[in-house]
Protein chains: 2
Amino acid sequence: MHTNECIFCNIITGQAPARVVYRDQTVTAFWDARPIAPVHILVVPNQHIISVNQTVAAHEPMLGHLITTARQIAIEQGVDQSGYRLVINTGPDAGQSIFHLHLHIIGGRQMPFHFR
Amino acid sequence: MHTNECIFCNIITGQAPARVVYRDQTVTAFWDARPIAPVHILVVPNQHIISVNQTVAAHEPMLGHLITTARQIAIEQGVDQSGYRLVINTGPDAGQSIFHLHLHIIGGRQMPFHFR
């Protein structure tokens with residue numbers, strides 16, 4: 001269930017370039033094209049889901065897998081002990097700009113304690 | 001599996017005060033004691049888990065339930081369409097200050113596009 005008009009769907013299918021670090025049957029992980037930290041990797045469901053607003057209970061195992069995949073990537077990137085922030089933006093107030101649900105992994109530097 | 005020394009465990013069991021907005025067998029949600037936005041609510045597993053670093057595949061349904069619970073709360077708080085940010089901080093670089101895994105729901109105002 002991919003759409004050709006979605007950049008993340010095209011990355012998942014290999015039709016668009018990206019620095020992919022992990023993929024399995026459920027999720028794909030790749031570097032953000034415009035990283036804001038030394039480590040800035042996205043984990044996305046292979047299924048095209050617009051945002052958290054479109055998720056239902058049946059998605060819970062997949063959503064949890066996004067997080068445990070992020071944990072594994074944090075280890076591989078060497079930031080699991082220094083720390084990392086996981087962020088999912090939904091809608092305009094949060095600045096969601098790509099409408100395929102994605103989890104940001106941000107690490108490798110100190111982040112403001114009171115994140116905004 | 002609660003510990004008396006954990007403030008979130010004490011909120012879950014009702015031994016410490018909090019503005020609880022939701023609870024079920026798996027998760028509890030309550031207002032952050034020091035909100036940084038008009039909506040700032042935490043969703044936590046009822047089980048004491050220190051951080052994402054301690055999660056394993058068996059936790060995936062619970063972790064996904066944190067997210068779908070956040071979605072439901074965003075609807076109830078009237079920010080599902082305006083937007084909201086979900087954040088999980090792990091370790092020192094991310095400023096994790098309470099060592100019981102928690103998902104922040106932040107909404108009700110515009111957030112910086114390039115979150116830090």
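## Burial and the second helix

A residue counts as buried when its relative accessible area is under 20%, as exposed when the value is over 50%, and as partly exposed in between. In this predicted model, 13 of the 17 residues of helix 2 of chain B meet the criterion for burial, so the helix is largely enclosed by the rest of the structure. Helix 2 of chain B covers residues 60–76 and reaches 25 Å from its first C-alpha to its last, close to the 24 Å expected at 1.5 Å a residue. After this helix comes G78(B), whose phi is positive, near 75°.

Helix 2 of chain A also covers residues 60–76. Its 17 residues should span 24 Å at 1.5 Å a residue, and the end C-alpha atoms lie 25 Å apart, which agrees. Of the 17 residues in helix 2 of chain A, 13 are buried, so this helix is largely enclosed by the rest of the structure. Just after helix 2 of chain A, G78(A) adopts a positive phi of about 75°.

## Overall form of chain A

Chain A contains 2 helices and 5 strands. Along the sequence these elements follow the pattern α-β-β-β-α-β-β. The C-alpha trace of chain A spans about 40 × 30 × 25 Å along its principal axes. For 116 residues, a compact globule would have a radius of gyration near 13 Å, and the 14 Å of chain A agrees with that expectation.

Of the 116 residues in chain A, 59% count as buried. Among contacts between residues at least 6 apart in the sequence of chain A, 53% join residues that are at least 24 apart.

## Surface and charge of chain A

Chain A exposes about 5100 Å², and carbon and sulfur atoms supply 54% of that area. Chain A carries 7 positive and 7 negative charges, and the mean positions of the two groups are 9 Å apart.

## Strand 2 and the loop that follows

W31(A) belongs to strand 2 of chain A. With a relative accessible area of 15%, W31(A) falls below the 20% limit and is therefore buried. Although W31(A) and I41(A) are 10 residues apart along the chain, their C-alpha atoms are separated by 4.2 Å. Leaving aside residues up to four places away in sequence, W31(A) touches R19(A), V21(A), P38(A), V39(A), H40(A), I41(A) and Q77(A).

A33(A) lies in the loop between strand 2 (27–31) and strand 3 (39–45) of chain A. Whereas W31(A) is buried, A33(A) is exposed, with a relative accessible area of 75%. A33(A) and E76(A) are 43 residues apart in sequence, and the distance between their C-alpha atoms is 19 Å.

## A strand 4 residue touching both chains

L86(A) is located in strand 4 of chain A, which covers residues 84–90. The relative accessible area of L86(A) is 1%, and the residue is buried. Residues up to four places away in sequence are again left out of its contacts. In chain A, L86(A) touches I67(A), A70(A), L103(A), H104(A) and I105(A). In chain B, L86(A) touches V52(B), L86(B), V87(B) and I88(B).

Two of the residues in chain A that touch L86(A), namely I67(A) and A70(A), fall within the 60–76 range of helix 2. L86(A) and N4(A) are 82 residues apart along the chain, and 27 Å separates their C-alpha atoms.

## A buried proline in chain B

P45(B) is part of strand 3 of chain B, which covers residues 39–45. At 0% relative accessibility, P45(B) counts as buried. Beyond residues up to four places away in sequence, P45(B) touches I12(B), T26(B), V27(B), M62(B), L66(B), H100(B) and L101(B). Among them, M62(B) and L66(B) fall within the 60–76 range of helix 2 of chain B. The C-alpha atoms of P45(B) and A94(B), which are 49 residues apart along the chain, are separated by 20 Å.

Note on methods:
Residues numbered from 1 in each chain as written. Chains lettered and ligands numbered in written order. Predicted model: local features only at pLDDT ≥ 70, side-chain atom pairs only at ≥ 80, totals over all residues. Heavy atoms only, no water. Helix = DSSP H or I, 4+ residues; strand = E, 2+ residues; numbered from the N terminus. Rg over C-alpha atoms; globule rule 2.2 N^0.38 Å. Buried < 20%, exposed > 50% of the residue type's maximum accessible area, 1.4 Å probe, protein only. Contact = heavy atoms within 4.5 Å. Areas by Shrake-Rupley, 256 points an atom, 1.4 Å probe, with all protein chains shown as cover. Lys, Arg positive; Asp, Glu negative; His and termini not counted. Charge placed at Lys NZ, Arg CZ, Asp CG, Glu CD. Expected span 1.5 Å × (residues − 1).
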